[in-house]
Amino acid sequence: TKEKYFEIIFQKNKKKCWLAKKFLGDIFFKKKKWCFSKKQFTKSLSINSQNKKTWFRLGFVSLKLKDFSTSAKSFLKVIDIEPGNCYAWNNLASIFGTTLRKKKEACFILKIALKNDPIPFFIYRKFFLISMDPRELNFKEILDKLHFLIFKKLKRNWDLLKLILK
């Protein structure tokens with residue numbers, strides 16, 4: 001199997017071939033063997049800590065395994081390497097907002113994400129969903145973001161604008 005070949009490559013390179021471990025992690029990832037995948041990604045990152053895709057995959061796998069600490073650290077590392085990665089911001093906000101029930105922290109994370117450009121619509125959607133907590137409504141902030149979304153970002157997209165204004 002492919003796994004054996006990558007393990008042989010790793011051993012022959014005096015355990016310094018981060019790419020072999022990354023590929024092993026990818027193989028287990030595709031098979032949805034999360035524990036094995038996490039172990040391989042972690043080993044790969046211990047050799048080369050600058051691989052953004054591997055950090056993202058480790059964050060995803062850790063989320064699947066309900067290891068929220070490792071998941072949050074992994075997505076933070078992705079953001080450190082690529083500050084405009086909206087998917088990492090979104091996943092980080094999801095960990096805090098829905099999983100750990102820390103909505104203030106999730107809102108703070110999304111506010112930072114909203115400063116990036118371009119901003120995909122799903123980031124706005126998540127911000128509005130998390131911000132609409134009846135116990136902690138901040139209407140001014142919500143209206144400011146909605147105003148920005150409608151009049152700055154959607155001024156040429158009439159179909160989406162009509163959908164939002166319904």
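When I speak of helix axes this morning, I mean lines fitted to C-alpha atoms, taken for helices over the stretch in contact, with angles running from 0 to 180 degrees between N-to-C directions. With that in hand, and bearing in mind throughout that this is a predicted model, let me start with a pair of helices and then turn to individual residues.

The pair is α4 and α5, the latter covering residues 68-81, and their axes come within 8 Å of each other and cross at roughly 155°. Since angles over 145 degrees count as roughly antiparallel, α4 and α5 are therefore described as roughly antiparallel to each other. The handedness of this crossing of α4 and α5 is left-handed. On the α4 side, the contact is made by K52, W55, F56, L58, G59, F60, S62 and L63, and from α5 it draws on F68, T70, S71, S74, F75, K77, V78 and I81. Sorted by class, this contact of α4 with α5 comprises nine nonpolar residues, five polar ones and two charged ones.

One of the α4 residues in that contact deserves a closer look, namely S62. Is S62 buried or exposed? S62 has a relative accessible area of 0%, and because buried means under 20%, S62 is classed as buried. If we leave aside its neighbours within four places in sequence, S62 is in contact with K38, D67, T70 and S71, and of these T70 and S71 are among the α5 residues that I listed for the helix pair.

Moving to the other end of α4, we come to N51, which lies in the loop between α3, residues 34-47, and α4, residues 52-64. N51 is likewise in the buried class, at a relative accessible area of 13%. Which backbone atoms does the side chain of N51 reach? It comes to 3.2 Å from the backbone nitrogen of K53, and a polar atom of that N51 side chain lies 3.0 Å from the backbone nitrogen of T54. Apart from neighbours within four places in sequence, the residues in contact with N51 are W18, K22 and L45.

Finally, for a residue of the opposite kind, consider K104, which has its place in helix α7, residues 103-113. Its relative accessible area is 61%, and because exposed means over 50%, K104 counts as exposed. The C-alpha atom of K104 is separated by 8.6 Å from that of S131, although the two residues are 27 apart along the chain.

Conventions. Residues are numbered from 1 along each chain as its sequence is written. This is a predicted model: local features need pLDDT of at least 70, side-chain atom pairs count only at pLDDT 80 or more; totals for chains, interfaces and linings use all residues. Side-chain values use heavy atoms; hydrogens and water are left out. Helices (H or I, at least four residues) and strands (E, at least two) are DSSP runs, numbered from the N terminus. Buried means under 20% relative accessible area, exposed over 50%, partly exposed in between (1.4 Å probe, protein chains only). A polar contact is a pair of N or O atoms within 3.5 Å; within protein, one must be able to donate a hydrogen and the other to accept it, and residues adjacent in sequence count only if both atoms are side-chain atoms. Contact means heavy atoms within 4.5 Å. Angles under 35 degrees count as roughly parallel, over 145 as roughly antiparallel, 65 to 115 as roughly perpendicular and the rest as oblique. A crossing is left-handed if the near helix is turned anticlockwise from the far one by less than a right angle, and right-handed if clockwise. Ala, Val, Leu, Ile, Met, Phe, Trp, Tyr, Cys and Pro count as nonpolar, Asp, Glu, Lys and Arg as charged, and the others, Gly among them, as polar.
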